[in-house]
Amino acid sequence: MWDGEAARAALPAVLEGFGVTVLATVPAFGVALVLGLVLALAQRAGPSWLALPVRGAASFVRSTPLLVQLFAAWVLVPSLDAPVLGVLVLGTHYATYLSEVYRTGIEAVPKGQWEACTALSLPRRRTWRAVVLPQAVRNVLPPLGNYAVSMFKETPLLSVITVHEMVHEANTFGSTHFAYLESFTLAAAVFLLASWPTSVLVRRLEARLAR
């Protein structure tokens, strides 16, 4: 049965955990954006001797559970602070997915753009920086937004390496006050209120870019 007093008591702990969740999501997604682009370029524009091992490593990371990767990193690098380790593992995991998103965006650039750059004798680096990447990134903005929301919702897994994010705080409050219903309901509501507007914006952006 719902207890309003317990819910009010749980709210500060849940909001404190929400702050940790945001502080984990934002830098982790920054890592994923940058590293994902590096992985995509290594496979698409790098030397052939580099493309194969990068593709294999990315496929391995995508094919193994994030939870297992967090445990493995926690065991292998015990000296690193848990929040920093969580950000790096979460960012690296999602970077492998974003590399495929970037690759799709790059391949969607019209062939005529490449031919025009060749006809103008543009240097390879300038072709990528000034012509290809701006168009590719514009093409993939909606999927990038969707992955940001997905990453936000997967931050509870960081609790396995002792990061006190929102679900961890909700669970701690529930166990000490015997109020799991109230604490987890509040956590779910905060997740919904934070992720739903972002999902709406992503859909609107997708519809606008499709025109």
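Two residues are in contact when heavy atoms of theirs lie within 4.5 Å. Keep that cut-off at hand for the exercises below, and remember that you are working with a predicted model.

**Exercise 1. Place Ala 24**

Task: Find which residues Ala 24 is in contact with, leaving aside neighbours within four places in sequence, and decide whether Ala 24 is buried or exposed.

Solution:
- Step 1. Start with the element: Ala 24 belongs to helix 1, which covers residues 4-44.
- Step 2. Set aside the neighbours within four places in sequence; Ala 24 then contacts Val 87 and Leu 158.
- Step 3. Look at a C-alpha distance too. Leu 88 is 64 residues from Ala 24 along the chain, and their C-alpha atoms are 9.5 Å apart.
- Step 4. Turn to accessibility. Buried means under 20% relative accessible area. Ala 24 has 7%, so it is buried.

**Exercise 2. Describe the whole chain**

Task: State how many helices and strands the chain has, then describe its overall dimensions and surface.

Solution:
- Step 1. Count the elements: there are nine helices and zero strands. Read from the N terminus, the order is α-α-α-α-α-α-α-α-α.
- Step 2. Along the principal axes, the C-alpha atoms fill a box of roughly 70 × 45 × 20 Å.
- Step 3. Of the 211 residues in the chain, 37% are buried.
- Step 4. Take the contacts between residues at least 6 apart in sequence: 78% of these join residues at least 24 apart.
- Step 5. The chain has an accessible surface of about 11900 Å², and carbon and sulfur atoms account for 67% of that surface.
- Step 6. Finish with charge. The chain carries 16 positive and 12 negative charges, and the mean positions of the two sets are 21 Å apart.

**Exercise 3. Work through the salt bridges**

Task: How many salt bridges does the structure hold, and which residues do they join into one network?

Solution:
- Step 1. The structure holds three salt bridges.
- Step 2. Take the pair in helix 1. Arg 8 and Glu 5 form a salt bridge whose closest N and O atoms are 2.4 Å apart. The two residues are three apart in helix 1, so about one helical turn separates them.
- Step 3. Check how open this pair is. Exposed means over 50% relative accessible area. Arg 8, at 53%, is therefore exposed, and Glu 5, at 54%, is exposed as well.
- Step 4. Move to helix 4, residues 82-107, where Glu 100 and Arg 103 are three residues apart and so about one helical turn from each other. They form a salt bridge with closest N and O atoms at 2.8 Å.
- Step 5. Glu 100 is partly exposed at 23%, and Arg 103 is partly exposed at 28%.
- Step 6. Arg 103 also meets Glu 107 in a salt bridge, with 3.1 Å from N to O. Here the residues are four apart in helix 4, which again means about one helical turn. Glu 107 is partly exposed, at 47%.
- Step 7. Put the shared partners together: Glu 100, Arg 103 and Glu 107 are joined into one network.

**Exercise 4. Examine a buried charge**

Task: Which side chain of opposite charge is nearest to Glu 182, and how far away is it?

Solution:
- Step 1. Locate Glu 182 in helix 9, residues 180-209.
- Step 2. Glu 182 is buried and has no salt bridge; the nearest side chain of opposite charge is that of Arg 8, 11 Å away.
- Step 3. List what does touch Glu 182, not counting residues up to four places away in sequence: Met 1, Trp 2, Asp 3, Ala 6 and Ala 7.

**Exercise 5. Read two backbone angles**

Task: What is the phi of Ser 121, and what is the phi of Thr 162?

Solution:
- Step 1. Begin with the background: most residues other than glycine have a negative phi.
- Step 2. Ser 121 has a positive phi, near 60°, and is not a glycine. This residue sits in the loop between helix 5 (111-119) and helix 6 (124-139), and is exposed at 60% relative accessible area.
- Step 3. Thr 162, also not a glycine, has a positive phi of about 70°. Its loop runs between helix 7 (141-154) and helix 8 (166-177), and Thr 162 is partly exposed at 46%.

Definitions and conventions:
Residues numbered from 1 in each chain as written. Predicted model: local features only at pLDDT ≥ 70, side-chain atom pairs only at ≥ 80, totals over all residues. Heavy atoms only, no water. Buried < 20%, exposed > 50% of the residue type's maximum accessible area, 1.4 Å probe, protein only. Salt bridge = Lys/Arg side-chain N within 4 Å of Asp/Glu carboxyl O. Areas by Shrake-Rupley, 256 points an atom, 1.4 Å probe, with all protein chains shown as cover. Lys, Arg positive; Asp, Glu negative; His and termini not counted. Charge placed at Lys NZ, Arg CZ, Asp CG, Glu CD.
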